[in-house]
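User: I should like to go through this structure and ask what each label rests on. Please set the values against the definitions.

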Amino acid sequence: MTTTAPVVAFDQVSKAYDAVRAVDGLTLGLSPGQTVALLGPNGAGKSTTLDLLLGLKRPDSGTVRLFGTSPRDAIVAGRVGAMLQSGGLMDEVTVAELVRLACDLHPKPYRPSEVLARAGVAQIADRKVDKLSGGQAQRVRFALATAGDSDLIVLDEPTTGMDVTTRQAFWATMREQADQGRTVLFATHYLEEADAVADRVLVLYRGRLLADGTAAEIKAKAGARRVSFEVAGAIDEPALRALPFLTGIDISGRTVRIQSSDADATVHALYGLGVHPRNLEVAGLGLEQAFVAITTAEEAKSR
Ligand SMILES: Nc1ncnc2c1ncn2[C@@H]1O[C@H](COP(=O)(O)OP(=O)(O)OP(=O)(O)O)[C@@H](O)[C@H]1O
């Protein structure tokens with residue numbers, strides 16, 4: 001790193017499309033070497049945030065700085081590699097030609113053969129770009145994002161269309177990039193991916209940051225726990241549904257799965273009902289359930 005300025009600094013950034021506040025007063029700083037997942041339901045403002053970060057859109061108010069400069073200057077200096085969702089690939093050129101072009105344009109390029117190998121597209125280097133499968137096209141976009149030695153890699157839903165093996169290889173490569181001190185920021189709908197890969201998770205909702213922390217902190221913030229058990233006798237469904245601190249319940253045959261904001265109190269009340277649960281398990285929420293709990297609580301508040 002040649003500067004001590006934050007990799008990314010959003011200061012009170014807003015962007016609206018007519019009445020829709022796509023990004024609403026977002027303040028955010030990213031540090032070197034972090035792998036950061038940007039989560040949010042459809043329309044939360046993830047793509048708009050990344051577009052603002054890359055200087056593809058201008059904020060209505062607030063400032064976006066990358067490495068202490070404007071997004072444009074940072075990109076011209078080759079400090080940012082990006083892989084966007086919608087990024088169309090040129091027709092009528094081969095994968096190798098396109099990667100060579102990206103390397104030629106980068107101020108600090110890697111060798112094209114190296115880029116092709118890292119993205120796992122060396123075997124399809126001679127194929128025309130418009131003949132690729134969805135997963136192959138994603139890998140080529142990834143190759144373009146890593147054509148040179150950038151300090152920040154921005155990825156919008158990078159693994160959409162990739163099979164499991166490609167996805168794992170992709171994240172292993174991203175880990176290496178972060179271990180070398182690069183910052184990796186990616187938007188995703190795959191919460192298990194964010195849980196497994198990210199050091200930091202940002203939950204965006206209606207253009208605002210709802211949660212910011214490690215996956216463990218986000219799960220703790222959701223505050224709820226899962227309780228599951230089996231019931232030997234008849235199930236008194238209304239009584240179970242009336243248990244205290246319940247935030248969700250699913251009854252399937254003899255198995256009851258509960259979500260509770262105070263598992264101890266719920267289980268205590270369960271015994272109070274005279275229910276003798278078998279195979280009782282109390283566990284924390286997964287990131288996906290925590291995400292749903294946090295965003296639905298916010299939705300309820302805004303109603
Ligand atoms: N060019 C545009 N014109 C009008 N509205 C837009 C435009 N781009 C985005 N929006 C609106 O802004 C909001 C945020 O959109 P954005 O694409 O940033 O969300 P997202 O979190 O990336 O969604 P998704 O997960 O569906 O990709 C949405 O309500 C969307 O409809």
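User: Why is Gln-12 counted as exposed?

Analyst: Gln-12 has 12 C-beta neighbours inside 10 Å. A residue is exposed if 12 or fewer other C-beta atoms lie within 10 Å of its own, buried if there are 20 or more, and partly exposed in between, with C-beta atoms placed from the backbone. Gln-12 therefore counts as exposed. The residue belongs to strand β1 (residues 8-17); strands are DSSP runs of E of at least two residues, helices are runs of H or I of at least four, and both are numbered from the N terminus.

User: On what kind of model do these statements rest, and how are residues numbered?

Analyst: This is a predicted model, in which local features need pLDDT of at least 70, side-chain atom pairs count only at pLDDT 80 or more, and totals for chains, interfaces and linings use all residues. Residues are numbered from 1 along each chain as its sequence is written. The mean pLDDT (the predictor's confidence in each residue, from 0 to 100) of the protein chain is 90, and 98% of its residues reach 70 or more. The model scores ipTM 0.96 and pTM 0.81.

User: What makes the phi of Gln-12 notable?

Analyst: Most residues other than glycine have a negative phi. Gln-12 is not a glycine, yet its phi is positive, about 50°. Arg-206 also has a positive phi, near 50°, and is a residue other than glycine.

User: Why is Arg-206 called partly exposed?

Analyst: Arg-206 has 19 other C-beta atoms within 10 Å, so it is partly exposed. Arg-206 is found in the loop between β8 (200-205) and β9.

User: What makes Gly-213 partly exposed, and which residues does it contact?

Analyst: Gly-213 has 14 other C-beta atoms within 10 Å and is therefore partly exposed. Gly-213 lies in strand β9 (residues 208-213). Two residues are in contact if their C-beta atoms, placed from the backbone, lie within 7 Å. Leaving aside neighbours within four places in sequence, Gly-213 is in contact with Arg-200, Val-201 and Ile-218.

User: Which residues surround the ligand, and how do you know how they divide by class?

Analyst: The surrounding residues are Tyr-17, Val-20, Ala-22, Gly-40, Asn-42, Gly-43, Ala-44, Gly-45, Lys-46, Ser-47 and Thr-48. A residue is near a molecule if its C-beta atom, placed from the backbone, lies within 6 Å of it. Ala, Val, Leu, Ile, Met, Phe, Trp, Tyr, Cys and Pro count as nonpolar, Asp, Glu, Lys and Arg as charged, and the others, Gly among them, as polar. The shell accordingly has four nonpolar, six polar and one charged residues. Helix α1 gives the most to it, with three residues.

User: What makes a set of residues a nonpolar core, and which members touch the most others?

Analyst: A nonpolar core is a set of buried Ala, Val, Leu, Ile, Met, Phe, Trp, Tyr and Cys residues joined through C-beta atoms within 7 Å. The largest has 74 residues, and Ala-37, Leu-39, Val-99, Ala-143, Val-154 and Val-203 touch the most other members. Another core, of six residues, lies apart from it, with Leu-243, Val-256, Ile-258 and Val-267 among them.

User: Which residues of helix α3 are buried, and what covers them?

Analyst: In α3 (residues 95-105), Val-95, Leu-98, Val-99, Arg-100, Ala-102 and Cys-103 are buried. Their cover includes α4 (112-118) and α5 (134-145).
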